[in-house]
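These are my notebook entries from a first look through the structure. I wrote each one down as I looked it up, beginning with the cysteines.

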Amino acid sequence: MERLSQTSSVSEFILLGLSSWPEDQKPLFILFLIMYLVTITGNLLIILAIRSDPQLQTPMYFFLSFLSFIDICFSTTIVPRVLVNFLSENKTISYAGCLTQMYFTYALGNTDSYLLAAMAYDRYVAICDPFHYVTIMSRRPCVLLVAFSCSLPHLHSLLHILLLNQLTFCDSNVVHHFFCDINPLLKLSCSSIFVNDLTIKTEGLVFWVTPFLCIVFSYVRILVAVLRIPSAAGKRKAFSTCGSHFTVVILFYGSIFYVYLQPLSSYTVQDRVATIVYTVLSSMLNPF
């Protein structure tokens, strides 16, 4: 806390949320509460079903159970605070609390991203190299993929939090968002954000695009392999194993690229709405 006070005269932030109109708060509270309950219940059921059924002890469901767990943690990092703010006149969050929320948001969100890449690789091996699937996707490689997917995003998140902690916030403390996100906070800084912006556009871009390219490569190879299947039934079966996963990938990465790969000066209320897709909606759709 002493370090925080040295780098910023702002001790807390005010989260404006999605709407400043009082009549919108209760409907938004109900909407987010429903989505949160569906997310928690659905993902818990997936985890319990996978753990209790011996026939589901396969690499695909191994990854899916971890994805469900991360989705629960990811939603819990953001939504409970949003729900409290909808019904409270005091919408403040401490400086340390804001950075803590941002750290876990990016760490867990990027873990989601790398787990989706691991699942795409699993589908690629299952469809394109089925005879070696058991050997390639044995227990040890699966555990290593999950360990890598969970550890690397924490280093990425820590880097951006440490850089953000070097900034000075001396004017407005009003965050135009429903949670602590990096772009709205950078707009509040009264010190240079050149290093932060450069890091987002370089390290951040590489970090986000790498799993996305792995997913694209996997699905291109899957598509080529499926088109070679002579029977229509075989093609439908292959596509059915990938369709729902690919839908989540499109929603997840589409909203992330829309929000974070545009100039900081053009950040608007539409971006706040877009962040709902990857912070809340994709986690809720995972069980379906």
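**Entry 1, a first disulfide.** I began with Cys 170 and found it joined to Cys 190 by a disulfide, S to S 2.0 Å, where a disulfide is a pair of cysteine sulfur atoms within 2.5 Å. Cys 170 lies in the loop between helix 6 and strand 3, and Cys 190 in the loop between helix 7 and helix 8 (194–227), so this pair ties together parts that are 20 residues apart in sequence. The helices (H or I, at least four residues) and strands (E, at least two) that I name are DSSP runs, numbered from the N terminus. I then looked up accessibility, with buried meaning under 20% relative accessible area, exposed over 50%, and partly exposed in between (1.4 Å probe, protein chains only). Cys 170 is partly exposed at a relative accessible area of 40%, and Cys 190 is partly exposed as well, at 35%.

**Entry 2, what I am reading.** I note that this is a predicted model, in which local features need pLDDT of at least 70 and side-chain atom pairs count only at pLDDT 80 or more, while totals for chains, interfaces and linings use all residues. Residues are numbered from 1 along each chain as its sequence is written, and side-chain values use heavy atoms, with hydrogens and water left out.

**Entry 3, the other disulfide.** The count of disulfides comes to 2, so I went on to the pair Cys 98 and Cys 180, whose sulfur atoms are 2.0 Å apart. Cys 98 lies in helix 4 and Cys 180 in the loop between strand 3 (174–175) and helix 7 (182–188), so this bond ties together parts that are 82 residues apart in sequence. The torsion about its S-S bond is about -125°, and the disulfide is therefore left-handed. Both Cys 98 and Cys 180 are buried. When I numbered the bonded cysteines of the chain in sequence order, the pairing read 1-3, 2-4.

**Entry 4, cysteines without a bond.** Why does Cys 73 form no bond with Cys 150? I found the sulfur of Cys 73 to be 9.7 Å from that of Cys 150, its closest cysteine sulfur, which is too far for a bond. Cys 150 is likewise in no disulfide. Cys 73 is partly exposed, with a relative accessible area of 23%, and Cys 150 is partly exposed at 24%.

**Entry 5, helix 4.** I next followed helix 4, which has 34 residues and reaches 49 Å from its first C-alpha to its last, close to the 50 Å expected at 1.5 Å a residue; that expected span is 1.5 Å times one less than the number of residues. Of its 34 residues 27 are buried, so helix 4 is largely enclosed by the rest of the structure. I also looked up Thr 100, which is in helix 4 and is partly exposed at 42% relative accessibility. The C-alpha atoms of Thr 100 and Cys 180 are separated by 9.0 Å, although the two residues are 80 residues apart along the chain.

**Entry 6, helix 4 against helix 6.** Two packed helices are described by the angle between their axes and the distance between the axes. Helix 4 (residues 95–128) and helix 6 (residues 139–164) pack at about 145°, with their axes 8 Å apart; the axes are lines fitted to C-alpha atoms over the stretch in contact, and angles run from 0 to 180 degrees between N-to-C directions. By class, their contact has 18 nonpolar, 6 polar and no charged residues, where Ala, Val, Leu, Ile, Met, Phe, Trp, Tyr, Cys and Pro count as nonpolar, Asp, Glu, Lys and Arg as charged, and the others, Gly among them, as polar.

**Entry 7, the record and helix 8.** In the unreviewed UniProt entry, the annotation "transmembrane region" covers several spans, among them residues 28–50 and 205–227; such annotations may be inferred rather than shown by experiment. Residues 28–50 are 100% helix and 0% strand, with their end C-alpha atoms 33 Å apart. Residues 205–227 are also 100% helix and 0% strand, and there the end C-alpha atoms lie 32 Å apart. Leu 205 is in helix 8 and is partly exposed, with a relative accessible area of 31%. Leu 205 and Tyr 260 are 55 residues apart in sequence, yet 9.1 Å apart in space, C-alpha to C-alpha.
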